[in-house]
Amino acid sequence: PQRGGTLRIATQVDPREWNPIYSHFSGEGLAASLVYNTPFAQRTVAGSCDTQLENRALESWRWIDDTHAEFVLRAGMFFHDKPPVNGREMVADDMVYSLERMQAWNKFQKPLFEPITGIEATGKYTVVITLSEPFGGLIEALIGGAGDQLFLLPREVVGDDRTLWVDPEKTWIGTGPYMFTEWQPGVKWILDRNPNYYLPELPYFDRIEVIIVPDSNTLEAKL
């Protein structure tokens with residue numbers, strides 16, 4: 001594919017809250033998937049309806065024993081160069097924070113996280129999850145579903161106050177292929193290509209514009 005250009009897509013309304021931990025609004029979930037990275041991704045197998053698990057932000061993972069799992073993040077994944085994170089490298093503490101916030105703030109995923117009794121950064125890129133008992137659904141819980149994905153967030157942006165996510169221009173800072181650069185409430189969102197994305201050949205588009213079109217009859221004219 002040829003690199004460059006702007007992709008314009010439409011949604012009907014702005015989200016009620018800009019919360020990547022709880023992004024059930026479809027447009028918000030789309031934006032979150034472009035701004036943030038997840039530990040895992042599921043890809044559809046070509047020519048079938050089956051899906052295949054693949055690592056995204058993770059370099060590797062393994063079961064240590066029946067109640068301990070180890071996850072190793074990729075080195076060299078950097079957050080967007082915006083304050084207060086300022087382009088620093090993503091490390092294990094960010095995954096710890098993201099898991100803790102998912103446990104505390106996502107009521108749909110919270111029951112799936114109940115077997116987790118400990119989340120510890122044991123190295124710069126290494127996280128160990130401790131379970132109260134063997135739990136075969138751990139990886140599925142970490143993958144999440146639509147609107148409940150485990151996006152990896154920097155601790156210093158909102159800390160323990162999720163109301164601070166009110167302005168995505170300032171607070172949506174991830175390691176994903178696009179940076180959230182502009183929000184015009186009720187009009188559009190603009191995401192620009194991340195020049196420091198860990199896959200240098202991606203993304204293809206320089207910019208993605210999400211246009212707010214409440215009336216579907218005017219959709220074609222807006223795009």
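1. In this predicted model, tryptophan 183 counts as buried at 19% relative accessibility, a value that falls just inside the class because buried means under 20% relative accessible area. Its partner in an aromatic pair is tryptophan 18, which is likewise assigned to the buried class, with a relative accessible area of 4%.

2. The geometry of that pair is edge-to-face, with the ring centres 5.4 Å apart and 70 degrees between the planes. Tryptophan 18 is placed in the loop between β1 (6-11) and α1 (26-35), while tryptophan 183 belongs to strand β8 (residues 178-184), so the contact ties together parts of the chain that are 165 residues apart in sequence. Both tryptophans also belong to one aromatic cluster, whose other members are Tyr36, Phe151, Trp172, Phe180 and Trp189. Across the whole structure, the search finds twelve aromatic pairs.

3. A further aromatic pair joins neighbours in the sequence numbering, tyrosine 197 and tyrosine 198, whose rings are edge-to-face at 5.0 Å centre to centre, with 70 degrees between the planes. Tyrosine 197 is buried, at 12% relative accessibility, whereas tyrosine 198, at 22%, counts as partly exposed. The two values lie on either side of the 20% limit, which is why the two residues receive separate labels. Another contact made by an aromatic ring is that of tryptophan 105, over the face of which arginine 101 lies, at 4.8 Å from the ring centre.

4. Turning to charged side chains, eleven salt bridges are found in a search of the whole structure. One of them is formed by glutamate 89 and lysine 124, with the closest N and O atoms 3.4 Å apart. This pair links distant parts of the chain, 35 residues apart: glutamate 89 is in the loop between β5 (68-73) and α2 (92-105), and lysine 124 is in the loop between β6 (116-121) and β7 (126-131). The two partners fall into separate accessibility classes, since glutamate 89 counts as buried at 17% relative accessibility, while lysine 124 counts as partly exposed at 49%. The value for lysine 124 should be read with the upper limit in mind, because exposed means over 50%.

5. Aspartate 93 and arginine 155 form another salt bridge, in which the closest N and O atoms are 3.0 Å apart. Here the link runs between two helices, with aspartate 93 in α2 and arginine 155 in α4 (residues 155-158), at a separation of 62 residues. Both side chains are partly exposed, aspartate 93 with a relative accessible area of 34% and arginine 155 with 31%.

6. In a third example, the side chains of aspartate 206 and arginine 193 meet at 3.5 Å, N to O. Arginine 193 is in strand β9, and aspartate 206 lies in the loop between β9 (188-193) and β10 (207-212), 13 residues away along the chain. Aspartate 206 is partly exposed at 35%, as is arginine 193 at 26%. Separately, Arg88, Asp94 and Glu156 are joined into one network by salt bridges that share partners.

7. The largest pocket has a volume of about 310 Å³. It is lined by 16 residues, and those closest to its centre are Arg43, Arg56, Pro177, Tyr197 and Leu202; Tyr197 is thus the buried tyrosine of point 3. The elements that contribute two or more residues to the lining are α1 and β3 (51-55). By class, the lining divides into ten nonpolar, three polar and three charged residues.

8. As for enclosed space, the count comes to one cavity of 30 Å³ or more, and the largest cavity has a volume of about 40 Å³. Its lining consists of Tyr36, Tyr97, Leu153, Pro154, Val157, Val158, Trp165, Thr171 and Ile173, of which eight are nonpolar, one is polar and none is charged. Tyr36 deserves a second look when the model is inspected, because this residue lines the cavity and also appears in the aromatic cluster with Trp18 and Trp183.

Terms used
Residues are numbered from 1 along each chain as its sequence is written. This is a predicted model: local features need pLDDT of at least 70, side-chain atom pairs count only at pLDDT 80 or more; totals for chains, interfaces and linings use all residues. Side-chain values use heavy atoms; hydrogens and water are left out. A salt bridge is a side-chain nitrogen of Lys or Arg within 4 Å of a carboxyl oxygen of Asp or Glu. Helices (H or I, at least four residues) and strands (E, at least two) are DSSP runs, numbered from the N terminus. Buried means under 20% relative accessible area, exposed over 50%, partly exposed in between (1.4 Å probe, protein chains only). Rings of Phe, Tyr and Trp (its six-membered ring) pair if their centres lie within 6.5 Å; planes under 30 degrees apart count as stacked, over 60 as edge-to-face and the rest as tilted. A charge sits over a ring if NZ of Lys or CZ of Arg is within 6 Å of the ring centre and within 35 degrees of the ring normal. On a 1 Å grid over the protein atoms alone, a cavity is a set of points where a 1.4 Å probe fits but cannot get out, and a pocket is an open set with protein on both sides within 12 Å along at least five of seven lines; lining residues have an atom within 4 Å of a point. Grid points are joined across faces, edges and corners, and a volume is the space filled by probe spheres set on the points. Ala, Val, Leu, Ile, Met, Phe, Trp, Tyr, Cys and Pro count as nonpolar, Asp, Glu, Lys and Arg as charged, and the others, Gly among them, as polar.
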